[in-house]
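Trainee: I'm new to this one and would like a walk through it. Can we take it topic by topic?

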Amino acid sequence: MNPRLSQLHDYPFQRLAALLDGISPAAHRPHVSLSIGEPKHEPPAAVVECLADRQRLSEGLGAYPATRGIRELREAICAWLERRFGAELDPERGVLPVSGTREALFSFAQAAVGAKPDPLVVLPNPFYQIYEGAAILSGAAPHYLNAEADNDYQLDFEAVPDTVWARTEVLYLCSPGNPTGKVIPPATQRWLIEQAHRFDFVIAADECYSEVHLDEDRPPTGLLRESDALGNPGYARCIVFHSLSKRSSLPGLRSGFVAGDASLLERYYQHRTYQGAALPVHVQQASALAWRDEAHVRQNRALYRAKFEAAAPLLNTAFDARLPDGGFYFWLPTDEDDREFARALYRDLNITVLPGSFLGRESEAGNPGAHHVRIALVAPQAECIEAVEHLVDWRRSRC
Ligand SMILES: Cc1ncc(COP(=O)(O)O)c(C=O)c1O
């Protein structure tokens, strides 16, 4: 087997299961999971109906789907990108449907890495673990950039030495960030595009939380918008990743897309023809419906907003709970060992949260995920708020 496999780290949820193994949780309380970021709101009815259509289903099941995807879906995606980010992309060359962004974030590095000696993939720390696995298995070394509380969890890209940029082949951005909830400021995104040209690397911008934001009137910016603002013709060196999982509460559909620089996408397309992760045609038809509709996305956001508005004042009586710019996580400082915090919380209240150190890596400055836990507000509002109330009382009793 590939010796690089042994460099992969266990997934955070495996580590959480091992951490909690052997603990008997408070039996009088039902289990509340605040650990996993799996959207739980109702999927849009039109999508469910489309998938249940016997005729479409039977035709979809009887056809090998093409890697490039159906034109209807690519047009729906391009229209959405124009409405949402003002981006103008060619449905033939500027976009590719993918089977959820996870597989695409992973496989993109396989296609993009290999032209420089001693390559690096730069990624945030803490981070969505796929970026790191993608880097390792592509033969690059991960280079981590810490997101620390004293810099308001923003990454200090300007502190990265030129010697690192010179070896960089892919820069993964996550904006809004998982777990920090931070949006990378527009000027920083534009500066990074200039760096990508200067040092010949690709920016892979994971924007799968861009549609879950608290201020309805101020949606987060994205790399394509900043690319246009900079004047970067053809979105050169920029690729964005978007998903229906969070935007439309459809994590089980496995549907997303990549868009941007057509010359990069053409080569990535060739990779994907071998990889063979094309979406079934009926999934693509249902996805096109979802990208065309914004009403269900606004409703979805309203549900998250109501949870954050109720939870934040409560949490702030016992923690420094900052509202995220986007996404559905609180990234909560614990002031104590985050693993011990998670264990005790499970034992005493039967609530699971994700220790931040499982999402980060040790660096010279320590593990920037340590002393934090990630709390996902995906359960129904009443369940989330009751859990937060118990969490706050519990915390006070420990201080
Ligand atoms: C930051 C981030 N990127 C990508 C994904 C993958 O989402 P999907 O494969 O469902 O599109 C997730 C899922 O949790 C995530 O948190």
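**Two domains and what joins them**

Mentor: Sure. Keep in mind that this is a predicted model. Let's begin with the domains.

Trainee: Okay, which domains does the assignment give for the chain?

Mentor: There's domain 1, made of 3-42 + 296-398, and domain 2, covering 45-293. Their centres, taken over C-alpha atoms, are 25 Å apart.

Trainee: And how many residues of each domain are in contact?

Mentor: On the domain 1 side it's 41 residues, and they meet 42 residues of domain 2.

Trainee: How much area do the two domains bury between them?

Mentor: About 3,600 Å², with 53% of that on carbon and sulfur atoms. Within domain 1, the residues that lose the most area to domain 2 are His 296, Arg 301 and Asp 325. Together those three make up 17% of what the domain 1 side buries.

Trainee: Why talk about area at all?

Mentor: The accessible area lost when parts come together is often used to give the size of an interface.

Trainee: Got it. How many salt bridges are there between domain 1 and domain 2?

Mentor: The count is 4. Polar contacts between the domains come to 25 residue pairs, counting pairs where both residues are at pLDDT 80 or more.

Trainee: Which helices and strands supply at least two residues to the domain 1 side?

Mentor: Helix H13 (295-315) does, along with strands S9 (329-333) and S12 (372-376). H13 gives the largest share of that side, with 8 residues.

Trainee: How do the residues on that side divide into nonpolar, polar and charged?

Mentor: You get 18 nonpolar, 12 polar and 11 charged on the side of domain 1 that touches domain 2.

Trainee: S9 and S12 came up just now. What order do the strands take in their sheet?

Mentor: The order is S9-S12-S11, an open sheet of 3 strands with antiparallel pairing. S9 and S11 (354-355) are the edge strands, each pairing on one side only.

Trainee: How many bridges join S11 to S12?

Mentor: There are 2, and those strands run antiparallel. For one residue-level example, Pro 355 has Val 373 in S12 as its bridge partner.

Trainee: Back to salt bridges: how many does the structure hold?

Mentor: It holds 26. One of them pairs the side chains of Arg 292 and Glu 72, at 3.4 Å from N to O. Arg 292 sits in helix H12 (residues 281-292) and Glu 72 in helix H4 (residues 71-85), so this pair ties together parts that are 220 residues apart in sequence.

Trainee: And what's the N to O distance for Arg 305 and Glu 216?

Mentor: That salt bridge is at 2.6 Å, again between side chains.

Trainee: New topic, the backbone. Which peptide bond into Pro 176 is cis?

Mentor: The one from Ser 175, with omega near -5 degrees. Pro 176 is in the loop between strand S5 (168-174) and helix H8 (186-199). A cis bond also joins Asn 178 and Pro 179, where omega is about 15 degrees. You'll find Pro 179 in the loop between S5 and H8 too.

Trainee: What about Ser 249, is its phi positive or negative?

Mentor: Positive, near 50 degrees, in a residue other than glycine. Look for Ser 249 in the loop between helix H10 (244-247) and strand S8 (256-260).

Terms used:
Residues numbered from 1 in each chain as written. Predicted model: local features only at pLDDT ≥ 70, side-chain atom pairs only at ≥ 80, totals over all residues. Heavy atoms only, no water. Domains from an automatic or database assignment. Contact = heavy atoms within 4.5 Å. Buried area = accessible area lost by both parts, 1.4 Å probe. Polar contact = N/O pair within 3.5 Å; in protein donor to acceptor, adjacent residues only side chain to side chain. Helix = DSSP H or I, 4+ residues; strand = E, 2+ residues; numbered from the N terminus. Nonpolar A, V, L, I, M, F, W, Y, C, P; charged D, E, K, R; others polar. Pairing = 2+ DSSP bridges.
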